[in-house]
Structure formats: structure tokens, C-alpha cells
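Hi,

Here is the structure I promised to pass on. Have a look at it first, and then read on for what turned up when I went through it.

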Amino acid sequence: MVYMICMIWANLIKKGLSVLNTELKKQLLEAIEELHKYQISVYLDAVMNHKAGADYTEKFMVKEVDPNDRSKTISDIYEIEGWTGFDFPGRGDKYSDFKWHWYHFSGTDFNQANGKNGIYQIQGEGKSWSDGVSGENGNYDYLMFADIDFDNPDVVQEMIKWGVWVSKELGLNGMRLDAIKHINDDFIAKFLHDVRQVMGEEFYAVGEYWKRDIKTLNEYLASVKYKVDLFDVPLHYNMYQASLQGKSYDLRNLFTDALVTHHPEQAVTFVDNHDSQWGSSLESQVKSWFKPLAYGLILLQKNGCPCVFYGNYYSIGDQKSPHRGLIDTLLDARRKYAYGEQDNYFDHANTIGFVRRGDEFHPGSGVVVLISNGEDGFKDMYVGESRKGQVWHEITGNIDKEIAIADNGKAMFHVHGGKLAVWVQKDGIPEEAE
């Protein structure tokens with residue numbers, strides 16, 4: 001539902017802010033209010049790196065740079081005609097009187113005068129690519145369209161004003177910050193600080209920093225003083241590789257250099273998203289056979305804040321997802337059983353698992369998770385001496401038998417080859433706790 005709110009808002013923006021006075025705004029606010037009634041938080045997908053769809057062109061001076069090394073100039077300075085003028089004729093000055101011009105941007109990618117594409121670094125007093133961005137391609141400030149210049153103080157002021165306004169206007173609980181490796185990290189820290197001054201320190205933020213290198217992510221979190229969580233891109237790529245390599249992948253490496261391993265409180269774990277799906281520029285879609293295993297790992301483990309991808313749950317295009325029923329089972333297991341401390345059994349290349357011990361606040365809780373990428377697997381796993389005599393069963397349909405916990409608190413748990421198994425206490429949740 002959070003995804004749906006983001007998409008509604010994106011469509012409103014495309015049609016111009018004047019539509020906020022129409023029935024669409026009313027519907028949007030009613031949807032958010034209804035979500036809040038059920039304690040569902042609403043996050044805005046905030047795309048602040050660039051602007052597109054300008055109202056008119058302007059002429060300004062640029063130099064072309066090498067797309068593979070943006071610190072390297074490949075032309076003399078000359079004049080182009082670019083799409084950088086935004087005066088919002090539909091909105092007027094109702095919500096803001098700020099008008100965007102070429103000097104509010106650091107680069108663009110199209111010269112209207114001759115129809116040539118390229119990466120044009122805009123020239124002028126104080127103009128340069130930002131520091132505090134990814135070092136890929138020499139400097140990865142520029143991504144696409146008209147690149148917003150976050151070294152311009154007027155831009156910083158306007159963007160913070162917008163952030164506070166949209167958060168109050170919609171009653172947001174947080175934001176997903178798009179493409180933050182292309183945005184000055186000082187701005188991200190200041191933006192969140194100033195928005196939280198108004199919305200409260202609990203205002204949530206997760207950033208999309210698409211980089212599988214854990215060292216870079218560690219450095220970024222430190223640079224923004226841990227004010228934002230990050231999507232666990234390294235874990236996604238580990239799962240992607242595991243899905244490609246099958247039983248030749250050593251499952252003990254799944255969490256090696258994952259963000260959730262280094263920063264469990266800052267990691268937002270996911271299996272796939274719109275960037276990784278088939279046909280995207282960052283295509284790395286986890287193979288279908290491994291998705292149940294991957295969702296079992298992220299939804300039932302203690303660490304990380306897991307996400308379910310719309311395409312994995314509903315569909316991508318007109319192809320319905322085969323995993324919805326399994327994901328529902330895992331979500332239900334997370335709600336009922338996945339509590340307490342975690343003991344890992346990452347001791348075999350092809351069969352790994354973990355135990356969540358349960359806690360006193362959720363009677364009947366506790367879960368055993370096993371995955372295999374090879375042959376049928378099993379592990380002698382400890383769930384607690386207080387559970388002796390309990391009968392446990394597997395809830396995904398992988399194993400059709402029950403087991404009893406021995407006096408020493410252990411039992412031999414099984415998983416079929418290439419599958420996920422989730423074991424819980426049979427009839428373990430009291431009816432009043434459902």
C-alpha cells in the first residue's frame with residue numbers, strides 16, 4: 001500500500017501541482033488517512049537528484065565530459081540550449097514562488113540547438129560536480145536529465161522547504177530517498193535534520209545507494225551520521241549469485257559483507273525491486289527457484305527491516321507471481337513466531353539455517369528456518385529444554401511429517417533439496433493471541 005501511495009503521488013506531480021486542488025488530492029489524503037487508521041506508515045518516494053519535463057529551454061555555457069570519467073573534459077567551453085527552465089504555469093506561486101533556471105543545475109544531457117546527446121557540465125561561478133557523491137565514473141554527481149546542484153544555497157533552501165511542506169501536507173511518516181549516491185551527502189544530512197525538526201525525530205528515511213561494496217556503504221553511513229537507513233544491495237547480489245550458481249554456491253557466504261551483517265539497525269533487506277528486475281539497467285533478478293529461500297531468510301531473521309517487492313507478490317506485467325501464497329505464509333509466520341534471539345547454523349555449504357528462540361511476550365513463538373541449494377538436508381538444532389515434548393511441524397508444505405523435541409531441547413529438522421523449510425510448534429499460538 002505504501003508503494004501505491006508513492007505511485008499516486010508521482011502521477012500527481014507529472015500532471016502539475018495544480019491538480020492538488022482537485023478531487024485527486026482529496027482521494028490521496030483519504031487513502032493516507034485510512035492507512036494511518038490501521039497503523040500503516042506512509043513513505044514518499046522522493047526523487048530529488050534531477051528534474052525533467054522543463055517548460056522551456058535556456059542558453060548557457062558548458063563543457064562536455066567523458067561519460068566514463070566525468071572529471072575529464074573532452075571539449076572547450078561553448079554555449080548550448082538546454083531544457084532547464086521551470087516556471088510551473090499551472091501552479092503559479094501558490095505553493096512556492098521558486099522558479100528553476102540553468103544556474104540551479106550542475107549538468108544536463110541534451111543540446112536542443114543541434115539535437116546532440118552528451119554529458120554537459122554547466123559552467124559559471126561556483127559551478128562544479130558535487131563532492132560527497134559516489135566516486136564511480138570519476139564523479140557520479142550526474143545521473144540523468146537536468147542534474148540539481150546541491151552546492152547552490154538557493155536550491156538547498158528550496159528543497160528543504162519542499163521537504164517540510166510535502167511531509168506536513170500529506171502527513172508522511174517518512175521517505176525513500178532515490179539515487180542518493182548521486183547527491184551531496186551533506187545535503188542529505190541537512191535535509192533530514194531540518195525535516196525532522198518539524199516532523200519529529202521518528203520521521204523515517206531509507207536511501208537507495210546502489211552499490212554492492214560494503215566499504216562504500218559503511219563510509220556513507222558515517223558521512224551522514226547514520227541519519228538514514230540503506231537498502232542492503234550487497235545482500236541482494238549475494239542472493240542473486242546464489243540463485244545463478246545453484247548448489248555450487250556456498251550458502252555460508254550469503255551474509256558475507258552484507259549491510260545487515262555490519263549495520264543490522266540500518267539495513268533494509270530485499271530480494272528484488274524495480275531496479276533489479278528483468279530489462280532494467282541494473283538487471284540482477286533473483287531466479288524464481290531461490291525466491292522462497294531468500295524471502296524466508298529476510299522475513300524471519302532477527303536483523304534488518306525486510307521489504308516485499310510488488311512484482312514478487314502480485315505480478316510483473318501480466319505474468320502473475322507464483323510466490324504470493326508462500327510469501328503470505330512467511331508474513332504470517334513473521335507475525336506469530338519470529339521473535340526472540342537468533343542462533344545461526346551456517347555450518348554447511350549447501351544447507352544452512354537459524355533458530356529464533358521466541359519470547360515471553362508472544363506465547364508459542366519461536367521458529368526454525370532451513371534452506372538447501374543442493375540435496376535434502378537436515379540439522380540437529382537446539383530450541384530450548386523448556387520445549388521438550390513439544391510437537392513441531394513444517395508450514396510451507398516442504399516436509400510432510402511432525403517431530404518431537406527431545407529432553408535436551410533438540411530435534412533433527414529437515415529440508416528437501418533446493419527448498420525452504422519453516423518449522424514451528426504445532427498448535428503453539430493460543431487462540432486469544434491470534
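Let me start with a question: which residue in β17 does Y345 stand opposite? Y345 faces G353 there. Before going further, keep in mind that this is a predicted model.

**The antiparallel sheet**

The strands β16 and β17 make a hairpin, with five residues between them, and they pair in the antiparallel sense over four bridges. They belong to an open sheet of six strands, ordered β16-β17-β18-β23-β20-β21, in which the pairing is antiparallel. At its edges sit β16 (342–345) and β21 (402–404), each pairing on one side only. On average, neighbouring strands of this sheet are turned by 20° against each other, with direction ignored.

Moving in from the hairpin, strand β17 (residues 351–356) runs antiparallel to strand β18 (residues 367–372), and six bridges join the two. One pair to look for is F354, whose bridge partner in β18 is V369. Helix α8 (residues 291–300) packs on this sheet and touches β17, β18 and β23 (420–425). The direction of α8 makes about 150° with that of β18.

**The parallel sheet**

There is also an open sheet of six strands with parallel pairing, in the order β1-β9-β10-β11-β12-β13. Here the edge strands are β1 (43–46) and β13 (305–306), and each of them pairs on one side only. Strand β12 (residues 267–269) pairs with β13 in the parallel sense over two bridges. If you want to find that pairing on screen, T269 has P306 in β13 as its bridge partner.

**Two cysteines, no bond**

C305 and C307 caught my eye, so to speak, in the disulfide search. That search covered the whole structure and found zero disulfides. C305 is in none, and the nearest cysteine sulfur to its own, that of C307, is 5.8 Å away. Why is C307 not bonded to C305? Their sulfurs are 5.8 Å apart, which is too far for a bond; the cut-off used for a disulfide is within 2.5 Å. As for accessibility, C305 counts as partly exposed at 40%, and C307 is partly exposed too, with a relative accessible area of 27%.

**β3, β6 and β7**

Strand β7 (residues 116–122) has two antiparallel pairings to look at. One is with strand β3 (residues 56–66), over three bridges, where V62 stands opposite I122. The other is with strand β6 (residues 105–111), over four bridges, where N111 stands opposite K116. β6 and β7 form a hairpin with four residues between the strands, and G115 takes a positive phi near 70° in it.

**Helix α5 and its buried side**

In helix α5 (residues 214–223), the buried residues are I214, T216, L217, Y220 and L221. They cover an arc of only 155° around the axis, so they lie on the same side of α5. As a reminder, an α-helix has 3.6 residues a turn, so residues three or four places apart point the same way. What do the buried residues of α5 pack against? Their partners are α4 (185–199), β11 (229–231), α6 (233–245) and α7 (259–262); of these, β11 is also a strand of the parallel sheet. Just after the helix, K225 takes a positive phi of about 55°.

**The cores**

The largest nonpolar core has 95 residues, and the members that touch the most others are L177, F187 and L254. L254 is worth a click: leaving aside neighbours within four places in sequence, its contacts are L235, N238, M239, A242, Y249, F290, L297, I352 and I371. There is a second, separate core of 15 residues, with V368, I399, A411 and F413 among them.

**One buried serine**

Last, S167 sits in helix α3 (residues 153–170). Is S167 buried or exposed? It is buried, because its relative accessible area is 0%, and the cut-off for buried is under 20%. Not counting residues up to four places away in sequence, S167 touches L172, M175, V195, M199 and F203.

Best wishes

Definitions and conventions
Residues numbered from 1 in each chain as written. Predicted model: local features only at pLDDT ≥ 70, side-chain atom pairs only at ≥ 80, totals over all residues. Heavy atoms only, no water. Pairing = 2+ DSSP bridges. Axes fitted to C-alpha atoms, helices over the stretch in contact; angles between N-to-C directions. Contact = heavy atoms within 4.5 Å. Buried < 20%, exposed > 50% of the residue type's maximum accessible area, 1.4 Å probe, protein only. Arc of directions from axis to C-beta. Core = buried A, V, L, I, M, F, W, Y, C linked by side-chain atoms within 4.5 Å.
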